[in-house]
Amino acid sequence: MTHTGQTTQFRYTAQHKPNQLIYGNGQTAVITGWTVKQAITKHLQPSDYAVIGQLYSPTRGINLLIRNLLLNPHVRYLVILNATKEDKNAGASQCLLDFFHNGVEESLSDTGRKSWKILSAIPGYIEIDIDINSLGKLRHSIEVQEAKSITQAVNLVKKYSQREIIEPWGFPLEFPMSTVEPTVLPGSRYGHRIEGKTIAETWVKIIHRIKTTGTIRPTGYDGKWQELIDMIAVITDEPADFYFPEPNYLPIHRSFLEQYISQILDDSPNREGVKYTYGQRLRSWFGRDQIEQVVNKLVGEIDAASAVMTLWDVKDHDQGGSPCLNHIWLRIVDNELSLTATLRSNDMFAAWPANAMGLRALQKHIRDEIAKRSEYDLKMGPLITLSQSAHIYDDTWSNAEQLIQEQYVAICRNIDYYDPTGNFLIEIADGQIVVTHTTPGSGEIVGCYYGKNALKLVREICAASPAIRPDHAAYLGLELQKAADCIKLDKSYIQDK
Ligand SMILES: O=c1ccn([C@H]2C[C@H](O)[C@@H](COP(=O)(O)O)O2)c(=O)[nH]1
């Protein structure tokens, strides 16, 4: 008997990410991985499938997907698309396949919580609150097929939709879920500056800043994120071969970096299911190779302040999925080339490290091309990212907390107290405190302050040099108060003694 599916009464109930899914009334769930779900949906009728959704991450996505499947026992078939480079890199489709093939064991998750660990080479976890017998029942009640292409996935779904309706494998199952709302410290919302030597170090500081003072907001998808608006990250000394900490706490591996850099540097043809690549926007989208344009611009006019590349197309308002990276600007000052990139929206936990490394590779490429075509042998200046919505999604909050606990304190311990604002030399002369402001390197005198009141002096200094480091200002406060006390007690004062 052939069955078209129209007669079923099945309705998929999604408790997690309900607005991210496309619903039908069949018995097959389709996981499209990193391929946009519309690329599959457009070839099918709603009666062919129960639900169609994407799966990006094994550590973040699978747990919610399994919870949704447990709520929908009428789903008896699962087609998992595992087709693109992104799928291979993320490993989510593979890990989900391994869940159905191999099952789970009790273990600790990446954030140290007791969890069910999927028996897979790719780390993936399911929350321990989900009953193990229910997981077993789910695994054995659903027929699972991997598809290596869109066509194969569509054919598999159509094949299943021809089958006779099968009874649900049980009753809908729901398990408790614990959520922890973070404590948010007060702080300014707009405009934040973070600086670090490497991408890895800067990332930890970024995560700390957003996690401590970011505003908790709905994401526009399902769920929440913690957000700061307009965050500038300045990375001063990323080495040419990139710094990966040991052990690597970044959400990117060296093995993926080469592919990712190619997505930024190289043109690529339109691929079904992929909305855009940055390389395509830069190399060909607007009918010009913008990387070539900026290289030629700077070779011809080394002081140019117009070495701009744009990735935003005005047509991007007409459809979803517009590029997050929108504007790139290069500038040469003192024989060094800086690159500033503006991202309208930036997932600072999962995406920023790769974004930053890709942009650093672009900066190096432009430096080297300028060197090939001219006499200019430029140094690599800083990489600067301006993330307009700088956010951390709620499903990575616990990973972010763990990173802060394990790395932030260590990074703060290694801080050098160099302040580009300069140095302040404190003395007592003629019964007054005298503060001399000098430049950081050469020690040239650039300012002088006098008085007896420490607080007044600190305020004057901070007003005149508002970019002074907060710990430097605090140090000055202490030293100036010591000097003021010495005047009162008629004692001699020596700075730092
Ligand atoms: O290179 C990228 C691409 C995407 N994203 C993140 C930003 C958002 O969290 C999400 C895209 O969502 P939309 O703004 O397009 O809805 O992906 C990045 O951080 N960097």
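Helices here are DSSP runs of H or I with at least four residues, numbered from the N terminus. By that count I place Thr-212 in helix α7, residues 199-213.

**Entry 1: the model**

I am working with a predicted model. I looked up the confidence before anything else: the protein averages a pLDDT of 94, and 99% of the residues score at least 70. For the model I noted an ipTM of 0.98 and a pTM of 0.85.

**Entry 2: Thr-212**

I went back to Thr-212 and asked whether this residue is buried or exposed. The cut-off for buried is under 20% relative accessible area. Thr-212 has 18%, so I list the residue as buried. I then looked for a polar partner of its side chain. The side chain of Thr-212 reaches the backbone oxygen of Arg-209 at 3.2 Å.

**Entry 3: helix α4**

I checked how far α4, residues 92-102, is covered. I count this helix as largely enclosed by the rest of the structure, because 8 of its 11 residues are buried. I wrote down the buried ones: Ala-92, Ser-93, Cys-95, Leu-96, Leu-97, Asp-98, Phe-99 and Phe-100. After α4 comes Gly-103, and I read a positive phi there, near 90°.

**Entry 4: strand β4 and its partners**

I turned to β4, residues 77-81, and found 5 of its 5 residues buried. I sorted the side chains by direction. Tyr-77, Val-79 and Leu-81 point one way, while Leu-78 and Ile-80 point the other way. Both sets are buried.

Which strands pair with β4? One partner is β2, residues 28-31, which runs parallel to β4 and is joined to it by 4 bridges. In this pairing I find Thr-28 opposite Tyr-77. Another partner is β8, residues 143-147, also in the parallel sense, over 5 bridges. On that side I matched Ile-80 of β4 with Glu-146 of β8 as bridge partners.

**Entry 5: the ligand**

I listed the residues around the ligand. They are Tyr-221, Tyr-278, Cys-324, Arg-344, Ser-345, Asn-346, Asp-347, Ala-351, Asn-355, His-391 and Tyr-393.

I looked up polar contacts to ligand oxygen atoms next. For Asn-346, a side-chain N or O atom is 2.9 Å from a ligand oxygen. For Asp-347, the contact comes from a backbone N or O atom, at 2.7 Å from a ligand oxygen. For Tyr-393, a polar side-chain atom lies 2.5 Å from an oxygen of the ligand.

On its own the ligand has 460 Å² of accessible area, and the protein covers 76% of that. I asked which elements give two or more residues to the shell. These are β14, residues 336-347, and β15, residues 379-393. The most comes from β14, with 4 residues.

**Entry 6: annotated spans**

I took two features from the UniProt record, which is an unreviewed entry. The record places "domain: Thymidylate synthase/dCMP hydroxymethylase" at residues 274-407. I computed this span as 39% helix and 30% strand, with its end C-alpha atoms 35 Å apart.

The record also gives "domain: DUF4346" for residues 419-496. Over that stretch I have 40% helix and 27% strand. The end C-alpha atoms of residues 419-496 are 17 Å apart.

How values were computed. Residues are numbered from 1 along each chain as its sequence is written. This is a predicted model: local features need pLDDT of at least 70, side-chain atom pairs count only at pLDDT 80 or more; totals for chains, interfaces and linings use all residues. Side-chain values use heavy atoms; hydrogens and water are left out. pLDDT is the predictor's confidence in each residue, from 0 to 100. UniProt positions are given in the numbering used here, feature names are shortened, and annotations may be inferred rather than shown by experiment. Buried means under 20% relative accessible area, exposed over 50%, partly exposed in between (1.4 Å probe, protein chains only). Two strands pair if DSSP finds at least two bridges between them. A residue is near a molecule or strand if one of its heavy atoms lies within 4 Å of it. A polar contact is a pair of N or O atoms within 3.5 Å; within protein, one must be able to donate a hydrogen and the other to accept it, and residues adjacent in sequence count only if both atoms are side-chain atoms. Accessible areas come from the Shrake-Rupley method with a 1.4 Å probe; for residues, only the protein chains shown count as cover.
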